[in-house]
Amino acid sequence: QVQLVESGGGSVQDGGSLRLSCVASGSTSTIYSMAWFRQAPGKGREGVAAVSFDGLDTIYADSVKDRFTASHDRAKNTVYLQMNSLKPEDTAMYSCAASGRVWPSLNADNFHYWGQGTQVTVSS
């Protein structure tokens with residue numbers, strides 16, 4: 001079993017920055033990739049960024065590429081999401097997820113462990 005806890009959300013103005021963190025605990029040796037997803041009220045879940053713990057693969061949704069940077073620290077069982085140039089449309093609940101798959105994915109079906117989420121609100 002794996003538990004995930006996100007932190008770092010908050011409210012910022014258009015163009016601001018936030019860094020989200022997600023710490024995994026439990027059977028962390030079974031985790032080989034982690035990802036960030038987001039969901040706004042009334043909208044579907046969107047994959048944002050994903051990283052593999054082999055240090056070779058990081059992928060991003062087109063909507064956030066060149067603005068967001070995902071990174072990980074295997075020793076700390078933590079994944080980060082540095083969000084720059086935030087826009088109002090980035091407002092959502094951001095959740096992290098973990099997978100035993102080695103390859104990163106933005107498909108939520110590939111993840112079995114989820115955190116409760118952290119709210120990000122970007123005002124104009």
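This passage walks through a predicted model of a protein, from its overall build down to single residues.

The broad picture comes first. The protein has 124 residues, and 44% of them count as buried. Its secondary structure comes to zero helices and 11 strands, so reading from the N terminus simply gives β-β-β-β-β-β-β-β-β-β-β. How compact is the chain for its length? The radius of gyration is 13 Å, close to the 14 Å that the globule rule gives for 124 residues, so the protein is as compact as a globular protein of that length. Taken along the principal axes, the C-alpha atoms fill a box of roughly 40 × 25 × 25 Å. Contacts often link parts that sit well apart in the sequence: of those with a separation of 6 or more, 59% are between residues 24 or more positions apart.

Next up is strand 4, a good place to see how the strands pair. Strand 4 covers residues 33–39 and is mostly covered, with six of its seven residues buried. It runs antiparallel to strand 5 (residues 46–52), and six bridges join the two. Two of the facing pairs can be picked out here: Trp36 stands opposite Ala49, and Met34 has Val51 as its bridge partner. Strands 4 and 5 form a hairpin with six residues between them, and in that hairpin Gly42 takes a positive phi near 75°. Strand 4 also pairs with strand 9, again antiparallel, this time through seven bridges. In that pairing, Arg38 stands opposite Tyr94.

Strand 5 has a story much like that of its partner. Six of its seven residues are buried, so strand 5 is largely enclosed by the rest of the structure. It is joined to strand 6 (residues 58–60) by three bridges, and these two strands run antiparallel as well. Ala49 turns up again here, standing opposite Tyr60 in strand 6.

What about the nonpolar inside? The largest nonpolar core has 29 residues, and those with the most contacts inside it are Met34, Trp36, Leu81, Met83 and Tyr94. Many strands chip in: strand 1 (2–7), strand 3, strand 4, strand 5, strand 7 (68–73), strand 8 (78–83), strand 9 and strand 11 (118–123) each supply at least two residues of this core. Leu81 makes a handy example of the packing. Leaving aside residues up to four places away in sequence, Leu81 touches a list of residues that includes Leu18, Leu20, Trp36, Val48, Ala49, Phe68 and Tyr94. There is also a second, separate core of five residues, with Ala35, Phe37, Ala97 and Phe111 among them.

Then there is the cysteine pair. The structure holds one disulfide, formed by Cys22 and Cys96, whose sulfur atoms are 1.8 Å apart. The torsion about the S-S bond of Cys22 and Cys96 is about 45°, so the disulfide is right-handed. Cys22 lies in strand 3 (residues 18–26) and Cys96 in strand 9, so the pair ties together parts that are 74 residues apart in sequence. Both Cys22 and Cys96 are buried.

Two single residues round things off, starting with Arg38. Is Arg38, which is in strand 4, buried or exposed? Its relative accessibility is 7%, so Arg38 counts as buried, the cut-off being under 20%. The side chain of Arg38 makes a polar contact with the side chain of Asp90, at 2.8 Å. Arg38 has plenty of other company: not counting residues up to four places away in sequence, Arg38 touches residues including Gly44, Arg45, Glu46, Val48, Ser63, Val64, Phe68, Glu89 and Tyr94.

His112 is the second of these residues, and its place is in the loop between strand 9 (92–99) and strand 10 (113–114). At 64% relative accessibility, His112 counts as exposed, because the cut-off for that class is over 50%. His112 and Val2 are 110 residues apart in sequence, and their C-alpha atoms are 9.1 Å apart in space.

Conventions
Residues are numbered from 1 along each chain as its sequence is written. This is a predicted model: local features need pLDDT of at least 70, side-chain atom pairs count only at pLDDT 80 or more; totals for chains, interfaces and linings use all residues. Side-chain values use heavy atoms; hydrogens and water are left out. Helices (H or I, at least four residues) and strands (E, at least two) are DSSP runs, numbered from the N terminus. Buried means under 20% relative accessible area, exposed over 50%, partly exposed in between (1.4 Å probe, protein chains only). Two strands pair if DSSP finds at least two bridges between them. A disulfide is a pair of cysteine sulfur atoms within 2.5 Å. A nonpolar core is a set of buried Ala, Val, Leu, Ile, Met, Phe, Trp, Tyr and Cys residues joined through side-chain atoms within 4.5 Å. Contact means heavy atoms within 4.5 Å. A polar contact is a pair of N or O atoms within 3.5 Å; within protein, one must be able to donate a hydrogen and the other to accept it, and residues adjacent in sequence count only if both atoms are side-chain atoms. The radius of gyration is taken over C-alpha atoms; the globule rule is 2.2 Å times the number of residues to the power 0.38.
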